Amino acid sequence: MHTIFEAIIIGIVEGLTEFLPVSSTGHMILTQSLLNTQNDEVMKTFDFVIQLGAIMAVVIIYWKRILSLFGLVKRKSESRTGRKLNLLHILIGIVPAGVIGVLFNDVVDEKLFNTTTVLIGLVLGGILLIIAEQRKEQPKTMVLDDLTYRQAFAIGLWQLVSIWPGFSRSGSTIAGGMLSGVSRAASADFTFIMAIPIMFGASGVYFLKNYDAISSNDLPFFIVGFLVAFVVALLAVVSFIKFVQNMKLTYFAYYRFVVAAVFALYMFLK
């Protein structure tokens with residue numbers, strides 16, 4: 001049976017890493033390895049549920065823009081042309097990962113959720129961040145409202161690599177956005193907004209899929225993890241989002257390399 005202590009520690013890790021291009025899933029898997037947490041269906045579902053808790057912080061920060069997508073709130077466009085981000089951009093962006101996620105969900109669960117694949121993902125994802133940061137061309141899309149449908153789809157395609165734990169959803173989509181001619185800030189904004197329906201969908205799928213494996217005794221574990229991830233993410237989200245929007249991706253890449261090297265050494269000496 002999983003403990004409240006595990007829920008708190010993993011919830012803190014999730015809340016602190018969800019908005020950084022360092023892979024929150026990868027960090028949770030590494031943390032669970034350090035805690036010797038049982039990697040069962042309950043824990044896999046827990047990982048997605050607490051990620052949803054962290055994403056709820058995004059809902060609070062971007063609430064006006066989110067409601068404007070449904071025409072519930074009027075929002076002034078940031079674009080000089082008067083264009084606005086709309087619901088179709090989000091749908092186009094989430095389709096690739098949604099389709100592949102459903103088709104290969106079992107393969108990802110069985111083959112990729114382990115420390116070795118995470119370390120590989122951290123390194124390869126770091127290389128992608130460096131490549132994106134070294135792009136010399138000036139971005140054509142500076143603000144989110146100028147995002148084109150083609151760019152939204154391109155970012156959605158880049159999100160596919162984040163199915164590999166350790167790559168990072170935000171890292172792959174921000175880097176992919178920059179490689180598609182979108183500014184770092186606009187790519188980050190689109191990444192965080194696009195994560196909301198994806199995490200709601202993924203959490204729902206995992207919960208329904210593993211419903212029989214979750215008992216009433218696991219509910220405190222889920223509730224504590226969800227609340228901790230939400231509170232920590234809420235405290236960190238504003239500064240972290242601005243941090244990601246303005247800081248060069250190469251620094252996050254170096255961090256990923258260090259984490260991968262340190263943990264690989266730990267595994268070797270263990």
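This is a short tour of two helix pairs in a predicted model.

**First stop: H1 and H3**

Start by selecting residues 4-17, which form helix H1, together with residues 41-61, which form helix H3. Turn the view until both axes are clear: they come within 10 Å and cross at roughly 50°. That angle makes H1 oblique to H3. Look along the line from one helix to the other and you will find that the crossing of H1 and H3 is right-handed.

Now show side chains at the contact. On the H1 side, pick Ala7, Ile10, Gly11 and Glu14. Facing them from H3 are Met43, Phe46, Ile50, Gln51 and Ala54. Try colouring this group by residue class: six are nonpolar, two polar and one charged.

**Second stop: H10 and H11**

Next, move along the chain and select helix H10, residues 184-209, with helix H11, residues 219-246. Here the axes come within 7 Å and cross at roughly 135°. Which term describes how H10 lies to H11? With that angle, H10 is oblique to H11. As for handedness, H10 passes H11 in a right-handed crossing.

Bring up the side chains once more. From H10, select Arg184, Ala185, Ala188, Asp189 and Phe192. Their partners in H11 are Ile241, Val244, Gln245 and Asn246. Keep the class colouring on: the contact of H10 with H11 divides into five nonpolar, two polar and two charged residues.

Key:
Residues are numbered from 1 along each chain as its sequence is written. This is a predicted model: local features need pLDDT of at least 70, side-chain atom pairs count only at pLDDT 80 or more; totals for chains, interfaces and linings use all residues. Side-chain values use heavy atoms; hydrogens and water are left out. Axes are lines fitted to C-alpha atoms, for helices over the stretch in contact, and angles run from 0 to 180 degrees between N-to-C directions. Helices (H or I, at least four residues) and strands (E, at least two) are DSSP runs, numbered from the N terminus. Angles under 35 degrees count as roughly parallel, over 145 as roughly antiparallel, 65 to 115 as roughly perpendicular and the rest as oblique. A crossing is left-handed if the near helix is turned anticlockwise from the far one by less than a right angle, and right-handed if clockwise. Contact means heavy atoms within 4.5 Å. Ala, Val, Leu, Ile, Met, Phe, Trp, Tyr, Cys and Pro count as nonpolar, Asp, Glu, Lys and Arg as charged, and the others, Gly among them, as polar.
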